[in-house]
Amino acid sequence: MSSTLESPAPFNHPSKHTSGLSVLRLADAGEASKRVAREIGSLIRHRAAEHRNCVLGLATGSTPIRVYRELVRMHREEGLSFHNVVTFNLDEYFPIKPDAAQSYVRFMNEHLFDHIDIVRANVHIPKGTIELEAVPGYCRDYDELIASTGGIDLQLLGIGRTGHIGFNEPGATKDTRTRLVKLDNLTRLDAVKDFGGMEHVPLLAITMGVDSILQSRRIRLLAFGEHKADIVQRAIEGRMTSTIPASFLQTHRDVQYLLDDAAAECLSQSTYGETV
Ligand code: F6R
């Protein structure tokens, strides 16, 4: 059964009926994560049956951890193979060594790649160690590589309290591509717990751009907890603006927000319809 058939019809925002934005309010983060993991699993299997690759866009941070845990479980207990999977991570701090405790290379290995049968050559994470002068060319190549694999089938996203997706901070326009960016202070503050002091949090990062993200065929954004409620409301119900880069998702033809009760708290009832 395809993942679309498994899902109850999500509610489409009435004022955005021309876009493909839908919002699901789920009992808790675990339910939301399992739902996305199941969708990813069936996409991978569907592609494998057609002898095709499945290209996934992946995120780090606390939000997707349960999705990765469920995918690892599906690999171990249900025989889900990642042999046909190609991945592109959204972002990486810059500069940072891959073996640093806070690097996204390390995060992805610990939470997913070390536990599944993915072909390592199919894993792509922006490099935090390249020379500054080489960064623009490297970023162009990253976007070109995504395109040459056929584009991202499903992009997993979280949302930052600044309204960022990837590290596209306030000010990022809709046409941005992979590039070096300055991290917003609020984002750096949120990272203090990982780096043990503001002075250790990098100032810069390499991130896929808003446009790079919007090229994905499906986008699934997870947000959990009351600290996300305000920005989720503004991203979904507010006007599109580069002050809240996530608001550009309103133009995408297949984007789904999966929220727990706390993150959905500020939305008007009509936006999410019934709780799943
Ligand atoms: C991480 C990323 C960020 C996070 C966002 C939410 O790769 O691109 O946009 O998704 O900062 O982070 P958490 O999940 O830690 O709240």
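These exercises work through the ligand site and the cysteines of a predicted model.

**Exercise 1. Find which residues surround the ligand, and sort them by class.**

Step 1. Count the shell. The ligand is surrounded by 13 residues.
Step 2. Pick out the closest. These are Thr 63, Asp 91, His 164, Gly 166 and Lys 228.
Step 3. Sort by class. Eight residues of the shell are polar, three are nonpolar and two are charged.

**Exercise 2. Locate polar contacts of the ligand with Ser 62, Asp 91 and His 164.**

Step 1. Apply the cut-off: a polar contact is a pair of N or O atoms within 3.5 Å.
Step 2. Take the backbone. A polar backbone atom of Ser 62 is 2.9 Å from a ligand oxygen.
Step 3. Take the side chains. In Asp 91, a side-chain N or O atom is 2.6 Å from an oxygen atom of the ligand. In His 164, a polar side-chain atom also lies 2.6 Å from a ligand oxygen.
Step 4. Turn to cover. On its own, the ligand has 400 Å² of accessible area, and the protein covers 87% of it.

**Exercise 3. State in which pocket the ligand sits.**

Step 1. Match the ligand to a pocket. The ligand sits in the largest pocket.

**Exercise 4. Count the disulfides, then decide whether Cys 54 and Cys 266 are buried or partly exposed.**

Step 1. Recall the bond. A disulfide joins the sulfur atoms of two cysteines covalently.
Step 2. Apply the cut-off: the two sulfur atoms must lie within 2.5 Å. The count is zero disulfides.
Step 3. Classify Cys 54. Buried means under 20% relative accessible area. Cys 54 has 0%, so Cys 54 is buried.
Step 4. Classify Cys 266. Partly exposed lies between that limit and the exposed class, which is over 50%. Cys 266 has 41%, so Cys 266 is partly exposed.

Notes: Residues numbered from 1 in each chain as written. Predicted model: local features only at pLDDT ≥ 70, side-chain atom pairs only at ≥ 80, totals over all residues. Heavy atoms only, no water. Near = heavy atom within 4 Å. Polar contact = N/O pair within 3.5 Å; in protein donor to acceptor, adjacent residues only side chain to side chain. Areas by Shrake-Rupley, 256 points an atom, 1.4 Å probe, with all protein chains shown as cover. 1 Å grid on protein atoms, 1.4 Å probe; cavity = no way out; pocket = protein on both sides within 12 Å on 5 of 7 lines; lining within 4 Å. Sits in = over half its atoms within 2 Å of the grid points. Nonpolar A, V, L, I, M, F, W, Y, C, P; charged D, E, K, R; others polar. Buried < 20%, exposed > 50% of the residue type's maximum accessible area, 1.4 Å probe, protein only.
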